[in-house]
Amino acid sequence: MSAGARPALARFARSAPRVAVLAVAALALAACGGGAEKTESPSASSSAPADGGGKPAAFPVTVAHKYGSTTIDKEPKTIVTLGLSDQDAVLALGVKPAGAVDWFKEKPYGKWPWTKDKWGSTQPEIVGERDEYNIEKIAALKPDLVIAQYSGMKKEQYDTLSKFTKVVAQPKEHPDYGAPWQLMTQQIGKALGKDAEAARLIADIDTRFKAVREKHPEFATKTLAVADSFEAGKYSAFTKTDPKAIFFSELGFKLKPEIDTLAKPGWNVAELSAEKLNVLDVDRLVWVTSSTEANDRIKAEPLYKKLKVNQQKRDLFVPYQDPDIGAAFSFNTVLSIPYAIDEIEPLLAAVK
């Protein structure tokens, strides 16, 4: 894991005990690259079909990625996902992964409302946590295909997995954990032979975002920032490459470029002291938080009280869970986005 991974990762890991390890991670990580994959996959048992499905495209297909390209000769039956949110796109395309990674102890088949119906009673094998993979568990599943789009997969991990299965690593055009949801969905769709279905999913989500922008043209005149705080006196603002910021940008809001300049190179989060909170004095400020204690602590900060966004009540405190609004726009996937829009739109519209 590179330097860009650690700040957000550590913050959310520390917050887990306070929220019964159900708070969602910020999905802000990074890693390294090079290579190609040619290994034939072993025979494998089928993954259970999820709702949706559809006729797969003709194989073989070749998918380019950070470490070269992978040719998939026939429709994969047993899939393992190693990206933190990859399972959502796979589920949306009609396949239940046989294995997935754990995300801060919230199992990928857990309570998230946008995936409940897709998983049903199926429970995938947990084959790692974040970007630490249990190779033996993965191999035991005999996957036809391993997908690692929203991941920090390292070259050595890729090489090891490629010895016994096909691997589609993260996109090469973007930093690790920095590819847009559209591209990751396209990559997953292509790997599964479901290009047309993936394109339809993306188009449907684009239509949802467009409808919000047309309903609320005022959003385009407003600058918005997304922030969090898991320790007293320490605050974070998310850059334009973070899924949460991307979500609000697609709703029509303008992001604040200064936040990007304050982030260290390769990071998608800017660490702020209380003295730097003025950067969050925007038209709309969304705090995505894990507890009422965190909310109270932020509101009690003397320097925060001086901000107009606070004084004029243009700040929103959005939970990660119960309801899972923060989780939904942190995932920012073809499955979670509709839920996130339904939940957040009325909250944003109510702020004057």
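**Entry 1: strand β9 and its partners**

I began with the pairing of β9 and strand β13 (residues 284–289), which run parallel and are joined by 4 bridges. The model I consulted is a predicted one. Within this pairing I found Leu224 opposite Arg284 of β13.

I then looked up strand β11 (residues 254–255), which is also parallel to β9 and is joined to it by 2 bridges. Leu224 appears here too, with Leu255 as its bridge partner in β11.

Next I turned to strand β10 (residues 234–238), which pairs with β9 in the antiparallel sense over 3 bridges. I noted Glu231 and Lys234 of β10 as bridge partners. The hairpin of β9 and β10 has 2 residues between the strands, and in it Gly233 takes a positive phi near 80°.

Is β9 enclosed or open to the outside? I found 8 of the 9 residues of β9 (residues 223–231) to be buried, so the strand is largely enclosed by the rest of the structure. I kept in mind that side chains in a regular strand alternate between the two faces of the sheet.

**Entry 2: salt bridges**

I recorded 14 salt bridges in the structure. One of them joins the side chains of Lys66 and Asp176, at 3.1 Å from N to O. Lys66 lies in the loop between β1 (61–65) and β2 (68–72), and Asp176 in the loop between β8 (166–168) and α6 (181–191), so this pair ties together parts that are 110 residues apart in sequence. I noted Asp176 as buried, because its relative accessible area is 6% and the cut-off for that class is under 20%.

I next examined Glu125 and Lys137, whose side chains meet in a salt bridge at 3.9 Å, N to O. Glu125 belongs to strand β5 (residues 125–129) and Lys137 to helix α4 (residues 135–140), so the bridge ties together parts 12 residues apart in sequence. Glu125 is partly exposed, with a relative accessible area of 35%, and Lys137 is likewise partly exposed at 35%.

For Asp242 I found a salt bridge with Lys244, the closest N and O atoms being 2.9 Å apart. Asp242 counts as buried at 0% relative accessibility, and Lys244 is buried with a relative accessible area of 0%.

I also noted a network of salt bridges that links Asp131, Glu132 and Lys154.

**Entry 3: Asn332**

Where does Asn332 sit? I located Asn332 in the loop between α13 (325–331) and α14 (336–350). Its relative accessibility is 3%, so Asn332 counts as buried. Leaving aside residues up to four places away in sequence, I found that Asn332 touches Trp181, Pro243, Ile246, Phe247 and Ile337.

**Entry 4: the chain as a whole**

I counted 14 helices and 14 strands in the protein chain. Of its 352 residues, 57% are buried. I noted an accessible surface of about 13800 Å² for the chain, 53% of which belongs to carbon and sulfur atoms. Of the contacts between residues at least 6 apart in sequence, 73% join residues at least 24 apart.

**Entry 5: confidence**

I checked the pLDDT last: the protein chain averages 85, and 82% of the residues score at least 70. Over residues 1–46 the pLDDT is below 50, although this stretch has 149 contacts in the model beyond near neighbours in sequence. Predicted coordinates should not be read in detail where pLDDT is low.

Definitions and conventions:
Residues are numbered from 1 along each chain as its sequence is written. Side-chain values use heavy atoms; hydrogens and water are left out. Buried means under 20% relative accessible area, exposed over 50%, partly exposed in between (1.4 Å probe, protein chains only). Contact means heavy atoms within 4.5 Å. pLDDT is the predictor's confidence in each residue, from 0 to 100. Accessible areas come from the Shrake-Rupley method with a 1.4 Å probe; for residues, only the protein chains shown count as cover. A salt bridge is a side-chain nitrogen of Lys or Arg within 4 Å of a carboxyl oxygen of Asp or Glu. Two strands pair if DSSP finds at least two bridges between them.
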